[in-house]
Amino acid sequence: MNEFTMSQIGEFLIALGVLLGSILGVLSAYGLIRLPDVYTRSHAATKSATLGVLLILLGAFLYFTFYLEYVSAKLLLGIFFVFITGPLAGHLNGRAAYRSGVSLWEKSVRDELKPELKRERERQEQEQAQARAEASGKA
């Protein structure tokens, strides 16, 4: 039986990370082209692309660690930055699209944000009416 050395295990993990990250990047690009509305496209762009980039950066980090014996703080910061900002940007883009009136796909099953948005708008209208009443009372 062949025994695996640490170098072979490292090579396998690096190749696996980069390969899986590349596959997820291609799937993300396909999702951006193929999916029907801005919300599902945003989901494809943020979830799979973020994981794909994280796996590729992890492969680069493992390469530096195993072969150059160098722990790259820049790569760790890059992994952390992508992990935090990717999903957050997708969420904010979807929220901005919803608030600006971009319609859901016609085959969408439910819209959970609609009642919440309606309550928020009613509350804002009440606050504005109250502020106008207070301003007219002072004048």
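Biologist: Leaving aside its neighbours within four places in sequence, which residues is serine 48 in contact with?
Modeller: This is a predicted model, in which local features need pLDDT of at least 70, side-chain atom pairs count only at pLDDT 80 or more, and totals for chains, interfaces and linings use all residues. Residues are numbered from 1 along each chain as its sequence is written, and side-chain values use heavy atoms, with hydrogens and water left out. Serine 48 is found in helix H2, a helix being a DSSP run of H or I with at least four residues, numbered from the N terminus. Taking contact as heavy atoms within 4.5 Å, the residues that serine 48 meets outside those neighbours are Leu24, Ser28 and His43.

Biologist: Is serine 48 buried or exposed?
Modeller: Buried means under 20% relative accessible area, exposed over 50%, and partly exposed in between, with a 1.4 Å probe and protein chains only. The relative accessible area of serine 48 is 15%, so this residue is buried.

Biologist: At what distance does the side chain of serine 48 reach the backbone oxygen of alanine 44?
Modeller: A polar contact is a pair of N or O atoms within 3.5 Å; within protein, one must be able to donate a hydrogen and the other to accept it, and residues adjacent in sequence count only if both atoms are side-chain atoms. The side chain of serine 48 makes such a contact with the side chain of serine 28 at 3.4 Å. From the side chain of serine 48 to the backbone oxygen of alanine 44, the distance is 2.6 Å.

Biologist: Against which helix do the buried residues of H1 pack?
Modeller: The buried residues of H1 are Gly10, Ile14, Gly17, Gly21, Leu24, Ser28 and Gly31. Their packing partner, spanning 38-67, is helix H2.

Biologist: Of what kind is the aromatic pair of phenylalanine 64 and tyrosine 70?
Modeller: Rings of Phe, Tyr and Trp (its six-membered ring) pair if their centres lie within 6.5 Å; planes under 30 degrees apart count as stacked, over 60 as edge-to-face and the rest as tilted. The structure has four aromatic pairs. In the pair of phenylalanine 64 and tyrosine 70, the centres are 6.2 Å apart and the planes differ by 75°, making the pair edge-to-face.

Biologist: Which helix holds glutamate 120, the partner of arginine 99?
Modeller: A salt bridge is a side-chain nitrogen of Lys or Arg within 4 Å of a carboxyl oxygen of Asp or Glu. Arginine 99 and glutamate 120 form one, with their closest N and O atoms 3.1 Å apart. The pair links distant parts of the chain, 21 residues apart: arginine 99 lies in helix H3, and glutamate 120 in helix H4.

How values were computed:
Helices (H or I, at least four residues) and strands (E, at least two) are DSSP runs, numbered from the N terminus.
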